[in-house]
Amino acid sequence: MPNVEIYLTRWCPYCHRARMLLDHKGVSYTVIDVDSAPELRQLMRDRANGSHTVPQIFIGNTHVGGCDDLFALERQGQLDTLLAETSQAIN
């Protein structure tokens, strides 16, 4: 399974939606809560090319973007492909 990371805040409804989709697909992921750690928020911005909204989602080395981007990949049938490709690249 690929390394999936999601930068989020606990109170963000978009973060909850993104996590629900990943949970529904059975994807394991690492949660990085930027609420209490300004250095983690800055790391998120650096990795996400300046994006400062949450969630910011990474699958392997690919920056997916936010919740809407994750759901767009799912609607286009590309999320499973990205997860599979990233998983194969790791193995």
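Here are some notes on this predicted model, point by point.

1. Let me start with the sheet. Four strands make up an open sheet, ordered 2-1-3-4, and the pairing in it is mixed. Strand 2 (30–33) and strand 4 (62–65) are the edge strands, each pairing on one side only. Averaged over neighbouring strands and with direction ignored, the turn of one strand against the next is 20°.

2. Strand 3 and strand 4 deserve a closer look. Their pairing is antiparallel and runs over 3 bridges. Among the bridge partners, I59 is matched with T62 of strand 4, and I57 is matched with G65 of strand 4. These two strands form a hairpin that leaves 2 residues between them, and G60 in the turn has a positive phi of about 60°.

3. Which residues form the aromatic pair of this structure? The model holds 1 such pair, made by Y7 and F58. The geometry is edge-to-face, with 5.9 Å centre to centre and 75° between the planes; planes over 60 degrees apart count as edge-to-face. Distant parts of the chain are linked here, since Y7 belongs to strand 1 (residues 4–8) and F58 to strand 3 (residues 56–59), 51 residues apart. Both Y7 and F58 are buried.

4. F58 has another partner to check on screen. R47 lies over the face of F58, at 4.0 Å from the ring centre. A second arginine is placed over a ring elsewhere: the charged end of R17 sits over the ring of F71, 4.3 Å from the centre of that ring.

5. Helix 1 (residues 13–24) passes a simple length check. Its 12 residues, at 1.5 Å a residue, should span 16 Å, and the end C-alpha atoms are 16 Å apart, so the two values agree. If you repeat the sum, note that the expected span uses one less than the number of residues.

6. Where do the buried residues of helix 1 lie around its axis? The buried residues of helix 1 are C15, A18, L21 and L22. They cover an arc of only 125° around the axis, and therefore lie on the same side of helix 1. P13, M20 and H24, on the other side of helix 1, are exposed. Following helix 1 comes G26, with a positive phi near 75°.

7. The loop between helix 2 (38–47) and strand 3 is worth a visit for its backbone. P55 has its place in this loop, and the peptide bond from V54 to P55 is cis, with omega near 0°. N49 lies in the loop between helix 2 and strand 3 too. N49 is not a glycine, yet it has a positive phi of about 55°. For context, most residues other than glycine have a negative phi, and most peptide bonds are trans.

8. One last point on N49: is this residue buried or exposed? N49 has a relative accessible area of 72%, so it counts as exposed, the cut-off for that class being over 50%.

Key:
Residues numbered from 1 in each chain as written. Predicted model: local features only at pLDDT ≥ 70, side-chain atom pairs only at ≥ 80, totals over all residues. Heavy atoms only, no water. Phe/Tyr/Trp six-rings, centres within 6.5 Å; stacked < 30°, edge-to-face > 60°. Buried < 20%, exposed > 50% of the residue type's maximum accessible area, 1.4 Å probe, protein only. Lys NZ or Arg CZ within 6 Å of the ring centre and 35° of its normal. Arc of directions from axis to C-beta. Pairing = 2+ DSSP bridges. Axes fitted to C-alpha atoms, helices over the stretch in contact; angles between N-to-C directions.
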